[in-house]
Amino acid sequence: MRGASDLPVLLPFRAPAAIGPAGLAAPVLLGGATLACFAILFGASLAIAQVTARPAGESAVTVLLRWAPLIFQGFLFNILISFLAMALGTIVGLLVGIAQVSLVAPVRTAAWGLTQFFRNAPWLVLLFYAMFLLPFEFRVLGLTIAFPAWVKAIIGLALPVAANVSEIVRGGIRSIPSGQWESAEALAFTRRQTMWMIILPQAFKRMIPPWMNLYAILTMATTLISVVGIQDGLTITRAALVAESRPELMIPMYLMLLLLFFAYCYPIARATLVLERRFNVKA
Amino acid sequence: MAGKHHLGEPVVVVEGVEKAFGSFVVLKDVSLTVRRGETVCIIGPSGSGKSTLLRCINALTPISKGSITVAGRQVADPALDKLSLRRDVGIVFQQYNLFPHKTALQNVMMAPLHVLKQDKAEVEERARKLLARVGLGHKHDAYPGELSGGQQQRVAIARSLAMNPKVMLFDEVTAALDPETKKEVLVTIQDLATDGMTCILVTHEMGFAREVADQVYFTDGGVIVEHAAPAAFFGAPREARTRAFLDQVL
């Protein structure tokens, strides 16, 4: 019988072969290859733009270099917006997520409803709501506080982020075995103490990978704010194209912006994967 | 060992307790009394309601009928301060349930520090003594994941003791352990019992029950079938159901 079994449970487990190069070099190689592809594409698009330009004016590279600093500045603004929207969304989402596991039924239901509503709404529509429904200034105790468009944009983007964080938090809390609640209860911890000292510290570790993933998605979604007239990387790129009125530059210009986002988001995606794998092994 | 303690006042009094989950009755008219310093073993087949009874004693599970008194406190009283009850009643579970993100020492220190709000230096000193007492004086900084099952269970015992409970409940604490580590945990509990701690154990360890218990209760189908001192219980069981069970396990 020994060694002759065809029962899958008795056969030695073989992990499926990884796609692409294995080991530590894999992520670096893959990232490098993707970057190289982008670079080649970028170079090719520049060359084509140069050749097809008519009448032959300034070289495509000169034009690109002229606009690069401004586009980069716009891109940095995207990053800033992503930071602030993520921070706001995380704080709100954490509270709503905890409310989703509340023992008080109305609180739980309200948090659930809020989460589902904002999680299943198009981001751009929420952004429009935030832009056009929020006032442009507040009056508190005779004091006028300006409420500029970029702040409204942060709120608009933070809404779906908060809803997604809320789901991540709820899932993280639910993933902690009930024995932890029970033993904390038996040791006379209050529910709030149990949540903050015992459950959440364990759940945070499991929440980090999906949270980082969400951040990468948010960063790319920040270009939506150009639609509502905020001067971000995409707005500036578009303005540059209009100003130069050289349609053949469209591909390299947008590609430059894409490259910036890729260079920022790809490492985050890799790190997420690495963390996921590490936490999986330990669990 | 029976009779080694002069009988103290009752610490846990269970009277006519009934517990049903929906239409499924788990406990029927269960009564038992545990006096201070006594060690009581509850044995019986799986699903006979033993664990539920323990969970009722520290109000993790509410009872449907009857009354449970712990150190003069009515457990079923809706106005009961559950937190103060649980300071008096320690419970150790089959699955240890240590906090995996805290070291052994921190596990023991957490409840006195944050629930009882005791002084940190004092708590730490006592926690170190408790870990030494369960034979883990060298494992302060180990995380639960780095400890064997038996070691984790002993940390769990120290963690409960840190609250200075009046009674300790043990819910099949050795069921998930191999024979060797089982022994180190049982020795730890025996030491506690000898030191005069009031202990209620749900267990399948017949040797331990015979040697350490002052009273043995046999439950089946949610009722207490028989209750006696261990010598009488194991030597001359009165009920046919008890005899059948003992024939199976001994």
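These questions and answers walk through a predicted model, from the make-up of chain A to aromatic pairs and backbone angles.

Reader: In what order do the helices and strands of chain A run from the N terminus?
Author: Chain A has nine helices and two strands. Both element types appear in the run from the N terminus, which reads α-α-α-α-β-β-α-α-α-α-α.

Reader: What share of contacts in chain A, between residues at least 6 apart in sequence, joins residues at least 24 apart?
Author: Chain A has 283 residues, and buried residues make up 41% of them. For contacts between residues at least 6 apart, the share joining residues at least 24 apart is 74%.

Reader: How much area does chain A expose, and what percentage do carbon and sulfur atoms supply?
Author: The exposed area of chain A is about 16,200 Å². Carbon and sulfur atoms supply 73%.

Reader: What span should helix α5 of chain A have, and how far apart are its end C-alpha atoms?
Author: Helix α5 of chain A covers residues 149-174, which is 26 residues. At 1.5 Å a residue, the expected span is 38 Å. The end C-alpha atoms agree with that, at 38 Å.

Reader: Where does the kink lie in α5(A)?
Author: The kink is about 30°. The proline Pro160(A) follows shortly after it. The kink lies at Ala158(A).

Reader: How is the aromatic pair of Phe72(A) and Phe75(A) arranged: stacked, edge-to-face or tilted?
Author: The whole structure holds eleven aromatic pairs over all chains. In the pair of Phe72(A) and Phe75(A), the ring centres are 6.1 Å apart and the planes meet at 35°. Stacked needs planes under 30 degrees apart and edge-to-face over 60. The pair is therefore tilted.

Reader: Which of Phe72(A) and Phe75(A) is buried?
Author: Both lie in helix α2 (residues 60-99) of chain A, three residues apart, about one turn of the helix. Buried means under 20% relative accessible area. Phe72(A) has 40%, so this residue is partly exposed. At 5%, the buried residue is Phe75(A).

Reader: Which residues do ring pairs link into a cluster with Phe72(A) and Phe75(A)?
Author: The cluster holds Phe72(A) and Phe75(A). Ring pairs link these two with Phe83(A), Tyr215(A), Phe261(A) and Tyr264(A).

Reader: Which ring in chain B has the charged end of Arg159(B) over it?
Author: The charged end of Lys19(B) sits over the ring of Phe21(B), 4.7 Å from its centre. For Arg159(B), the distance to the ring centre is 4.5 Å. That ring belongs to Phe99(B).

Reader: Is Phe233(B) buried or exposed?
Author: Phe233(B) is found in helix α8 (residues 230-235) of chain B. Beyond neighbours within four places in sequence, its contacts include Ile43(B), Val216(B), Phe218(B) and Leu246(B). The C-alpha atoms of Phe233(B) and Phe218(B) are separated by 9.0 Å. Relative accessibility is 0%, so Phe233(B) counts as buried.

Reader: What is the phi of Ala188(A)?
Author: Most residues other than glycine have a negative phi. Ala188(A) is found in the loop between α6 (178-186) and α7 (191-221) of chain A. This residue is buried, with a relative accessible area of 1%. Ala188(A) is not a glycine, yet phi is positive, at about 75°.

Reader: Is Asp29(B), which has a positive phi, buried or exposed?
Author: Asp29(B) lies in strand β2 (residues 24-35) of chain B. Phi is near 50° there. The relative accessible area of Asp29(B) is 59%, and over 50% means exposed. Asp29(B) is therefore exposed.

Key:
Residues are numbered from 1 along each chain as its sequence is written. Chains are lettered from A and ligands numbered from 1 in the order in which they are written. This is a predicted model: local features need pLDDT of at least 70, side-chain atom pairs count only at pLDDT 80 or more; totals for chains, interfaces and linings use all residues. Side-chain values use heavy atoms; hydrogens and water are left out. Helices (H or I, at least four residues) and strands (E, at least two) are DSSP runs, numbered from the N terminus. Buried means under 20% relative accessible area, exposed over 50%, partly exposed in between (1.4 Å probe, protein chains only). Contact means heavy atoms within 4.5 Å. Accessible areas come from the Shrake-Rupley method with a 1.4 Å probe; for residues, only the protein chains shown count as cover. The expected span of a helix is 1.5 Å times one less than its number of residues. The bend at a residue is the angle between axes fitted to the seven residues ending there and the seven starting there. Rings of Phe, Tyr and Trp (its six-membered ring) pair if their centres lie within 6.5 Å; planes under 30 degrees apart count as stacked, over 60 as edge-to-face and the rest as tilted. A charge sits over a ring if NZ of Lys or CZ of Arg is within 6 Å of the ring centre and within 35 degrees of the ring normal.
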